[in-house]
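Please look through the sequence and the model below before reading on. The explanation that comes after is meant to be followed with both in view.

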Amino acid sequence: MILGSGSIGFATAKALRELGKELIIVDKDPQKVETLREEAYEAIVGDISEIETLRGLQTKKLSGVLIVSSDNEANKQALRNVKKHFRPSLYCVARASDVINLQEMEEIGADFVFMPSRIVSKSLSRSLERAESVRIGNQLSQWFRKNTGKSLAVVVHDNPDPDAIAGALALKLMAENYGLYPTILYNGEIGHQENKAFVNLLGINLEHMEGRDISEFDEIALVDCAVAGSNNMLPEGTHIGVVIDHHPVGDAEIDADFIDIRPNVGASATIMTKYLQELNIEISSEIATALLYGIRTDTLDFKRNTDPNDLSAASFLYPMADHEVLDQLERPSMSIETLDVLGQAIKNRQVIGSYLLSNVGIIRDRDALPQAADYLLNLEGIFTTIVFGVSDDVIYISGRSNDIRVNLGTILKKAFGEGSAGGHSTAAGAQIALGVFSDIKDRQTLLKLVDEAVVKKFLKAVGVEEVDE
């Protein structure tokens with residue numbers, strides 16, 4: 001039964017009839033009803049807000065009621081009458097013009113309430129997003145065509161994670177499809193046991209930047225990082241051909257031919273998946289597995305910084321991925337180093353209100369820090385964790401938060417500087433050179449000074465003056 005036969009009611013009736021559904025349409029306008037009858041619809045004249053209108057109807061086979069007039073008050077009264085006159089379990093859909101009426105109709109008992117303005121706005125935004133995706137996809141393909149036959153350095157951030165590696169792998173595939181000669185380059189270590197397993201199981205070929213002269217490449221692309229010299233080994237001020245990232249960069253100036261930075265998206269692998277779809281490039285099982293795993297790890301299995309684009313990309317990749325490999329990746333053995341760092345993080349924790357900070361001392365594997373930060377976030381009453389340690393004259397900091405009042409990336413930038421810190425609202429990190437502290441030979445003195453400096457700067461950035469005992 002459709003109550004109200006305006007433009008929405010008539011369009012719905014037409015769509016339902018095409019699906020073979022039997023319909024009864026009610027409207028108070030005799031002319032509209034006559035027009036409907038001429039088109040072979042079963043229609044009656046009646047005021048949808050009057051209970052008498054419903055009493056004369058045959059409703060034994062009725063499976064649902066759609067209340068779709070443009071009059072909020074009439075729709076609410078019709079909904080009350082339907083709930084009173086028909087069986088309580090009957091499925092009811094109602095139309096509302098605004099949020100207040102939507103809430104009232106839900107309280108009356110509507111199973112689903114829609115707002116036409118919201119539906120139109122969502123449809124338009126999806127259409128614009130699609131148009132934007134096509135436009136930037138064309139721009140990237142034009143850049144590749146212009147550089148056919150050239151060598152391309154695909155550079156990821158230092159100590160790359162699965163999202164960065166998967167994104168680089170996808171960009172490498174795209175470049176090869178356009179006749180370029182790409183090489184994936186990284187600096188630092190692939191230390192996390194899951195990351196090692198990821199590279200080994202999928203047979204991913206990466207080359208270390210140490211000893212390589214970046215000038216031997218015709219062009220450079222950055223994936224999962226955006227600024228030359230920030231968390232990568234490129235010289236500051238290096239001109240970049242392509243930048244694709246999902247981390248916010250603030251006011252940083254980027255010198256590049258093509259820039260696609262989407263902070264709303266949860267993973268760079270999501271952006272790269274969209275490009276592969278847009279450009280109709282065939283994806284192997286290995287690359288689909290890498291991209292899907294990259295999305296899952298960076299979004300914490302869709303529980304952190306997740307956008308609908310991440311879900312649609314994962315849905316696209318899922319049938320092509322090797323799920324046996326994914327299962328192996330999800331259950332790697334924990335290294336002794338990671339276990340030691342986790343133990344130190346628990347032992348050395350300082351709790352200040354809902355903040356937990358822990359200095360784990362000298363570390364060999366910086367990838368153990370985010371694991372410890374994630375683990376400590378499970379403690380009762382803790383909403384933000386900061387875990388830090390020292391390696392190779394650098395203080396490494398990893399933070400996690402589930403406090404909606406805190407933007408961790410912004411706080412770490414405020415505390416430790418734009419160039420050395422950043423990330424998202426729930427996951428961020430920082431790297432700080434020891435500077436004058438590096439001359440201190442006594443390990444305990446060094447760690448104490450590092451602890452005092454990091455804790456003081458962080459607490460100042462979040463506006464906490466006193467440490468709870």
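What follows takes up two sheets, the helices that lie across them, and two loop residues.

The model is a predicted one, and the walk through it can begin with an open sheet of six strands, whose order is β9-β8-β7-β10-β11-β12 and whose pairing is parallel. Because β9 (207-208) and β12 (256-261) each have a single partner strand, they stand at the edges of this sheet, and one side of each is left without a neighbour there. At one of these edges, strand β8 (residues 181-186) is joined to β9 by two bridges, the two strands running parallel, and within this pair Tyr-186 is found opposite His-208 of β9.

Further into the order of strands comes β10, which pairs with β7 in the parallel sense over five bridges and with β11, again in the parallel sense, over three bridges. Two residue pairs help to fix the register by eye: Val-155 stands opposite Leu-222 in β10, while Val-223 has Ile-244 of β11 opposite it. In general, strands of a sheet pair through backbone hydrogen bonds, in either a parallel or an antiparallel manner.

How many of the five residues of β10 are buried? Five of its five residues are, and the strand is accordingly described as mostly covered. In a regular strand, side chains alternate between the two faces of the sheet. In β10, Glu-219, Ala-221 and Val-223 point one way, whereas Ile-220 and Leu-222 point the other way, and all of them are buried. Val-223, one of the residues with an assigned opposite, thus appears in both descriptions, since it stands opposite Ile-244 and is among the buried residues of β10.

Two helices can be placed against this parallel sheet. Helix α7 (residues 162-177) lies across β7 (151-156), β8, β10 (219-223) and β11 (240-245), and it runs at about 165° to β8. Helix α9 (residues 268-278) lies across β11 and β12, running at about 115° to β11, so that β11 is touched on in the account of both helices.Helix α9 is also followed by a loop that leads to α10 (285-298), and Asn-280 is found in this loop. Asn-280 has a positive phi of about 55° although it is not a glycine, and it is exposed, with a relative accessible area of 70%. A comparable entry is Ala-40, placed in the loop between α2 (30-38) and β3 (43-45), where its phi is near 70°, a positive value in a residue other than glycine. Ala-40 counts as exposed because its relative accessibility is 62%, and the cut-off for that term is over 50%.

The other sheet is likewise open and made of six strands, in the order β13-β14-β15-β16-β18-β17, but its pairing is mixed. Its edges are formed by β13 (349-352) and β17 (421-423), each with a single partner strand, so one side of each lacks a neighbour in the sheet. Neighbouring strands here are turned by 15° against each other on average, with direction ignored. At the β17 edge, three bridges join β17 to strand β18 (residues 427-433) in an antiparallel arrangement, and Ala-421 stands opposite Ala-430 in β18.

Helices lie across this mixed sheet as well. Helix α13 (residues 336-347) lies across β13, β14 (355-362) and β15 (384-391), running at about 130° to β14. Helix α16 (residues 443-462) lies across β13, β14, β15 and β16 (394-401), and its angle to β14 is about 155°.

How values were computed. Residues numbered from 1 in each chain as written. Predicted model: local features only at pLDDT ≥ 70, side-chain atom pairs only at ≥ 80, totals over all residues. Heavy atoms only, no water. Pairing = 2+ DSSP bridges. Helix = DSSP H or I, 4+ residues; strand = E, 2+ residues; numbered from the N terminus. Contact = heavy atoms within 4.5 Å. Axes fitted to C-alpha atoms, helices over the stretch in contact; angles between N-to-C directions. Buried < 20%, exposed > 50% of the residue type's maximum accessible area, 1.4 Å probe, protein only.
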